[in-house]
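Thanks, everyone. Please bring up the model on your own screens, and I will go through the salt bridges, the sheet and the cysteines in turn.

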Amino acid sequence: MTASNADQSPALMMSAVVAMATNRVIGDGTGLIWHLPDDLKRVKSLTMGCPLIMGRKTWQSIGRPLPGRGSIVLTRDQNWQAEGAIVVHDFNAALMSAKAWIVAHNPECEKIILFGGGEIYRMGLDYCHEIELTVIDISPDGGPDAALFPELNTDDWTQQIEAEIDPVGDVPGYRYECWYRAHPPCAF
């Protein structure tokens, strides 16, 4: 290996990880509307060892930093702080903080995770290489503070259904989809 190759870090990609209802509702402004234990395990496996870029409301719905991951929290509130959160105030600062977290905590990491909510997804989808999407077979109202996942232009993405899970008891049916960008995303 040459010295220049040794100095090169792996190419970073961005992946959005999201669970949404069939009507694109992802939350009600305070938290998730559903509880899917298997999906929580999937999210953990998709995000472990990676920095997560999220909004303040998403952070507050989780209530704590997720173990083994960096929590980059984007907020307009210049005074907001939380233990375990890396607080930033614009999307570029979130990207820089995610890269710095990788250097400091997991140099082998090749992925920054866009983790929600709706406004954060709108800011970051142009940078995403892929979307790991769970679609829940419900259509909740979401209330006055409903967070929505942006509509995807199907010309920009190719979709692959990975698994379909039937409803069981109180747990609605859902499916795992992976969307891959058809053309390179915006560079970061």
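**Salt bridges**

I start with E119, which counts as partly exposed because its relative accessible area is 37%; by the convention used here, buried means under 20%, exposed over 50% and partly exposed in between, with a 1.4 Å probe and protein chains only. A word on the source: this is a predicted model, in which local features need pLDDT of at least 70 and side-chain atom pairs count only at pLDDT 80 or more, while totals for chains, interfaces and linings use all residues. Residues are numbered from 1 along each chain as its sequence is written, and side-chain values use heavy atoms, leaving out hydrogens and water.

What does the side chain of E119 meet in a salt bridge? The partner is R76, at 2.3 Å from N to O; a salt bridge here is a side-chain nitrogen of Lys or Arg within 4 Å of a carboxyl oxygen of Asp or Glu. This pair links distant parts of the chain, with R76 in the loop between strand 4 and strand 5, E119 in helix 5 (residues 118-124), and their positions 43 residues apart. Helices (H or I, at least four residues) and strands (E, at least two) are DSSP runs numbered from the N terminus. R76 counts as exposed because its relative accessibility is 66%.

A search of the whole structure gives 8 salt bridges. One of them is between R24 and E151, at 3.6 Å from N to O. R24 sits in the loop between strand 1 and strand 2 (25-27), E151 in the loop between strand 8 (147-148) and strand 9, and the two are 127 residues apart. R24 is partly exposed at 24% relative accessibility, and E151 is exposed at 64%.

Next come E177 and R175, whose side chains meet in a salt bridge at 2.5 Å, N to O. Is E177 buried or exposed? E177 is buried, because its relative accessibility is 2%. R175 is partly exposed at 23%. There is also a network: R42, E132 and E162 are joined by salt bridges that share partners.

**The sheet**

The sheet is open and has 8 strands in the order 5-4-3-6-1-7-10-9, with mixed pairing; two strands pair if DSSP finds at least two bridges between them. Its edges are strand 5 (86-88) and strand 9 (157-165), each of which pairs on one side only. On average, neighbouring strands are turned by 20° against each other, direction ignored. Axes are lines fitted to C-alpha atoms, for helices over the stretch in contact, and angles run from 0 to 180 degrees between N-to-C directions.

At one edge, strand 9 and strand 10 (residues 174-181) run antiparallel and share 8 bridges. One bridge joins T158 to Y180 in strand 10. Helix 2 (residues 37-47) packs on the sheet, with contacts to strand 1 (13-21), strand 3 (51-55), strand 6 (111-116), strand 7 (130-136), strand 9 and strand 10, and its direction makes about 25° with that of strand 10. Contact means heavy atoms within 4.5 Å. Helix 4 (residues 91-105) also packs on the sheet, touching strand 1, strand 3, strand 4 (70-74), strand 5 and strand 6, and its direction makes about 155° with that of strand 3.

Why is strand 3 described as largely enclosed by the rest of the structure? Because 5 of its 5 residues are buried. P51, I53 and G55 point one way, and L52 and M54 the other way. Strand 3 pairs in the parallel sense with strand 4 over 5 bridges, where P51 stands opposite G70. Strand 3 and strand 6 are also paired in the parallel sense, over 3 bridges, and M54 stands opposite G116 there.

In strand 1 we find S15, which counts as buried because its relative accessibility is 1%. Leaving aside residues up to four places away in sequence, S15 touches K111, I112, I113, L114, C128, E130 and E132.

**Cysteines**

How many disulfides does a search of the whole structure find? It finds 0, a disulfide being a pair of cysteine sulfur atoms within 2.5 Å. For C50, the nearest cysteine sulfur is that of C109, 3.7 Å away. Seen from C109, the closest cysteine sulfur is in C50, and 3.7 Å is too far for a bond. Both residues are buried, C50 with a relative accessible area of 8% and C109 at 6% relative accessibility.
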